[in-house]
Amino acid sequence: MASDLKFVEFVCDQVSGAGQVRYKLMFGDYAIYCDEKVVALVSDNQLLVKPTVAGRNFIGAVVEVPPYPGAKPCFLIESQLEDRDWMTNLFRITTKELPEPKPKKPKLRKT
């Protein structure tokens, strides 16, 4: 089941105070970026935040599920979706701990 764009936009609005937030459609689901780092995935209308030590400490009792079969587990966020401050803090904490994205290789021009 694909994710609903309205759900993705709702999540992005909830965490808009965490930094520069955007989303990108990828393979039928969405990646949510904060300050150019992939912080979360939306799969089957579920918010899955990348696992970090600081994020785990912030959440406490965390539920982990993979976004798709064979993937590494992520933190499943359910009841806190409506809490804008909590969500913003989680995204800030997670973004801070994630590594910087690798630089993209320049595209070769065909001549």
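1. Two strands are taken as paired if DSSP finds at least two bridges between them. The model under review is predicted, and the hairpin of S1 and S2 is a convenient place to begin. In this predicted model, strand S1 (residues 21-26) and strand S2 (residues 29-34) run antiparallel to each other and are joined over six bridges. Within that pairing, Val21 has Cys34 of S2 as its bridge partner. Two residues lie between the strands of this hairpin, in which Phe27 adopts a positive phi near 55 degrees.

2. Two further backbone positions deserve attention for their phi values. Glu36, which is not a glycine, has a positive phi near 65 degrees. Glu36 is placed in the loop between S2 and strand S3 (37-43), and its relative accessible area of 35% makes it partly exposed. Asp44, again a residue other than glycine, has a positive phi near 50 degrees. Asp44 belongs to the loop between S3 and strand S4 (46-49) and is partly exposed, at a relative accessible area of 36%.

3. The aromatic pairs come to two. In one of them, the ring centres of Tyr23 and Tyr30 are 5.8 Å apart and the ring planes stand at 75 degrees, so this pair is classed as edge-to-face. The burial of these two tyrosines may be set out individually. Tyr23 is partly exposed, with 32% relative accessible area, whereas Tyr30 is buried, at 11% relative accessibility.

4. The aromatic pair of Phe58 and Trp86 is tilted, with 5.2 Å from centre to centre and 35 degrees between the planes. Because Phe58 sits in helix H2 (residues 53-59) and Trp86 in helix H3 (residues 84-97), this pair ties together parts that are 28 residues apart in sequence. Phe58 is partly exposed, at 28% relative accessibility. Trp86, by contrast, is buried, with a relative accessible area of 14%.

5. A charge over a ring should also be noted. Arg22 lies over the face of Tyr33, 4.0 Å from the ring centre.

6. On the cysteines, what number of disulfides does a search of the whole structure find? The search of the whole structure returns zero disulfides. Cys12 takes part in no disulfide, and the cysteine sulfur nearest to it, that of Cys34, is 9.7 Å away. A disulfide would require the two sulfur atoms to be within 2.5 Å. Cys12 is buried, at 9% relative accessible area. Cys34 is likewise in no disulfide, its nearest cysteine sulfur being that of Cys12 at 9.7 Å. Cys34 is buried, with a relative accessible area of 0%, and is the residue already named as the bridge partner of Val21.

7. Helix H3 has 14 residues. Its reach from first C-alpha to last is 20 Å, close to the 20 Å expected at 1.5 Å a residue. The first part of this description, the count of 14 residues, refers to H3 as a whole. Which residues of H3 are buried? They are Trp86, Met87, Thr88, Leu90, Phe91, Thr94 and Thr95. The cover over these buried residues of H3 includes H1, S2, S3, S4, H2 and strand S6 (74-77).

8. Thr94 gives a closer view of the buried part of H3. This threonine lies in helix H3 and is buried, at 0% relative accessibility. Is Thr94 buried or exposed, and on what ground? Thr94 counts as buried because its relative accessibility is 0%, while buried means under 20% relative accessible area. Leaving aside residues up to four places away in sequence, Thr94 touches Val39, Val49, Lys50 and Thr52.

9. A last remark concerns Asp13. Its place is in helix H1 (residues 5-14), and Asp13 is partly exposed, with 40% relative accessible area. Asp13 and Asp85 are separated by 72 residues in sequence and by 12 Å in space, taken from C-alpha to C-alpha.

Notes: Residues are numbered from 1 along each chain as its sequence is written. This is a predicted model: local features need pLDDT of at least 70, side-chain atom pairs count only at pLDDT 80 or more; totals for chains, interfaces and linings use all residues. Side-chain values use heavy atoms; hydrogens and water are left out. Helices (H or I, at least four residues) and strands (E, at least two) are DSSP runs, numbered from the N terminus. Buried means under 20% relative accessible area, exposed over 50%, partly exposed in between (1.4 Å probe, protein chains only). Rings of Phe, Tyr and Trp (its six-membered ring) pair if their centres lie within 6.5 Å; planes under 30 degrees apart count as stacked, over 60 as edge-to-face and the rest as tilted. A charge sits over a ring if NZ of Lys or CZ of Arg is within 6 Å of the ring centre and within 35 degrees of the ring normal. The expected span of a helix is 1.5 Å times one less than its number of residues. Contact means heavy atoms within 4.5 Å.
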